[in-house]
There are 2 protein chains.
Amino acid sequence: MIEEVPGGVIAPKGFVAGSAHCGLKSNNKYDIGIITSETPCKAAALFTTNQIVAAPITYSQKIIKSGNIHAIVVNSGNANACTGKRGYKDAETMAHLTAKQLNTTPDKVLVASTGIIGRPLPMKKITAGICKVADSLGNNLTHATNIAKTIMTTDLVPKHIAVKIPIATKEVTIGAIAKGSGMISPKMATMICIITTDAEISLNTLRSCLKDSVEESFNQITVDGHMSTNDMVAILANGMAGNKNITFSTKKELALFQKALDHVTQLMAAAIVKDGEGATKFIQIEVHEAKSTRDAKKIARSIAESPLVKTAIHGEDPNWGRIVSAAGYAGIRLDESRIKLSINKIVIFRNGLPVTPAPGNLNNEMKKNEILIQLSLGLGKKRTTMWTCDLSKEYITINADYHT
Amino acid sequence: MIEEVPGGVIAPKGFVAGSAHCGLKSNNKYDIGIITSETPCKAAALFTTNQIVAAPITYSQKIIKSGNIHAIVVNSGNANACTGKRGYKDAETMAHLTAKQLNTTPDKVLVASTGIIGRPLPMKKITAGICKVADSLGNNLTHATNIAKTIMTTDLVPKHIAVKIPIATKEVTIGAIAKGSGMISPKMATMICIITTDAEISLNTLRSCLKDSVEESFNQITVDGHMSTNDMVAILANGMAGNKNITFSTKKELALFQKALDHVTQLMAAAIVKDGEGATKFIQIEVHEAKSTRDAKKIARSIAESPLVKTAIHGEDPNWGRIVSAAGYAGIRLDESRIKLSINKIVIFRNGLPVTPAPGNLNNEMKKNEILIQLSLGLGKKRTTMWTCDLSKEYITINADYHT
């Protein structure tokens, strides 16, 4: 039922995107972009829960309340965070400039920024950039990849996806772009992910779908446990698919839309982890048989954020002691004798004791690029899945050499 | 009033120590040792709060309740954790063997272990080792350094200290050994720290002094945020200094004893951080003007455990954005415009804005081995101090290459 299609955020009907280089990043890389729809959209967004909030987040939090958004302007290379009152004015100005170019109003333009913290935005460059972007709007596949490139910082690969689902007799498309790849431990939203859809959907339903989807995707990833000041996930729905309106009452259509949206957010979340700073391995952590989902999530996060677990996997070592002990300090009561742990489906710890001798094929499994850790607690019926990456010397290089 | 003296744990009157190599570590390194007193001691101990608890911890938790301890037997190279019922029996056997050699009872012998998780103890080697150690007991300075070496795992330097204080007309001595240097995020106690004193002190007072001291020393350090299964801090007081009994009523003497004990635990805690795996810099984090000490501690820990902060300091970069944003996700309400941040006493962020241009001598300060981060929240009067180290490629090497 869910079919992947090309085109990212411009795959849904009526969306266009544009990108330009205005001088925030070096080497002529795209650093400013706009995504807009032919008609205003119903929109929902989730933001960082960091107490230090970037100016564009404060601005966007204010205007998203109406649920009525026409465009998003986004820049990389400068986070516009810790920039005081001037920062807020600059975010407002970005919305004004964009609105003027698109013949809409500033209260319908979301603003997102990513990059270095604490530098004022060079507004002359931004202004010229927004004009250039407005002239370049379009919906070719190049526009799709360019807008994904526009939001990259230390990301190595652009991240975009689009999927198509049938809603009654109509085709509904959902597209997305996202960026990582350091300061990733979103807890409420990721760095930046912009989702577009041509679905006709009620605003409350859209808000609820986004919240549920983010809870099981971006909120379940971590690269380095450091939550950013600029995290934002936004979805724009312009209704141009002409489908029967999706609401809480259209259960079947809602379920399919939610499933497709989850597919998109989980794929973007996984793409961020796979492209995590210095990452060489993708790690999926499943916690089973917990008393509550909250317990399962706390334990999964404790394992996912342990540098000892992450370095062991980097070293291709099945060091289950580090995994079990990381579970043990998550603040949840455990019974060691009920725990079962497997790596890539091979059981290595059971009933409080290691499986000895260690299974022969385990060392080969550790050499793979994808590692699945499954921990069963034997305490209940709840479960969760979390995604992270290994910790390598490259992470240190990237972050010790990145100078302010 | 507090004078440092040589001798570590055997500096207090009536204590002896012994060490041997029994084959748990390679290269003939000491891996088993005993500390004992001429007479039984009043004793208190704190243990890991990890839910996965090593066998020696379970055993020691049981016998410490009496407050009456005569000796500690400790081994490195094997943590005796995740070893099931056999592990518990092995810990008991270590106490029995030691008691027999020392003419005391097993319920007066604490057991501590550190090293690899999940391997059964080779009890033949342990048995021979304990006999060898019993023959080598003494109180020369060599005994002092050897017992500190005995508990080392990835530590590069042995950690020991002793201090002398006057209690009325008598001299009271406190000595200690400690070990790190990975899986360090004690929260309730460190990996292993053994403290001896010849003070005459009531058991309740001793327990309270230890708890207070640990709260502001070992509980305030982190190397990698990974709490161990074997953390233990124990203090043995044999009363041989002959001082007037220290109780909650002897306020002046109690205050001095507490101060001396704090000196010892803070020095040992700092030594563990300085010798943290791969550490090249010692970082002191002070959080000021918090609403509560709990708030201050949460924020200090959030900064201390951020790999982005730790790598920035490793790269000698005054990346205040990472420090401020790490404070921002600690889960405590902040007001960005009241925050003041300084590094090595140089103010770099104030009233929600960076100090520009950046102070000229800041880059030189970042090259120093000791970095002091002071964050004032402007919200209250409470404060805390926390200690950590930087995150280097050497940490990855140590932990990716350490194979199970």
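**View 1. The largest nonpolar core of the predicted model holds 270 residues.** Four of its members touch the most others: A:Ala176, A:Ala234, B:Ala176 and B:Ala234. This legend and those below describe a predicted structure.

**View 2. Surroundings of B:Ala176, one of the four core residues that touch the most other members.** Residues up to four places away in sequence are left out of the count. B:Ala176 then touches B:Gly8 and B:Val9. B:His160 and B:Ile161 are also touched. So are B:Cys193, B:Ile194 and B:Ile195. B:Val264 and B:Met268 complete the list.

**View 3. A second, separate core has eight residues.** Both chains appear in this core. Chain A contributes A:Ile396 and A:Ala400, among others listed or not. Chain B members include B:Leu391 and B:Tyr395.

**View 4. Chain A meets chain B through 48 residues of chain A and 48 of chain B.** On the chain A side, four elements each supply at least two residues: helix 8 (307-314), helix 9 (320-328), strand 14 (353-354) and helix 11 (393-401). Helix 9 of chain A gives the most, with six residues. By class, this side has 20 nonpolar, 22 polar and six charged residues.

**View 5. Confidence along chain A, with a mean pLDDT of 91.** Of the residues of chain A, 98% reach 70 or more. Among the elements of chain A, helix 3 (residues 123-135) has the highest mean pLDDT, 98. Strand 9 (residues 221-222) of chain A has the lowest, 80. Where pLDDT is low, predicted coordinates should not be read in detail. The model as a whole scores ipTM 0.81 and pTM 0.84.

Technical notes: Residues are numbered from 1 along each chain as its sequence is written. Chains are lettered from A and ligands numbered from 1 in the order in which they are written. This is a predicted model: local features need pLDDT of at least 70, side-chain atom pairs count only at pLDDT 80 or more; totals for chains, interfaces and linings use all residues. Two residues are in contact if their C-beta atoms, placed from the backbone, lie within 7 Å. Ala, Val, Leu, Ile, Met, Phe, Trp, Tyr, Cys and Pro count as nonpolar, Asp, Glu, Lys and Arg as charged, and the others, Gly among them, as polar. A nonpolar core is a set of buried Ala, Val, Leu, Ile, Met, Phe, Trp, Tyr and Cys residues joined through C-beta atoms within 7 Å. A residue is buried if 20 or more other C-beta atoms lie within 10 Å of its own, exposed if 12 or fewer, and partly exposed in between; C-beta atoms are placed from the backbone. pLDDT is the predictor's confidence in each residue, from 0 to 100.
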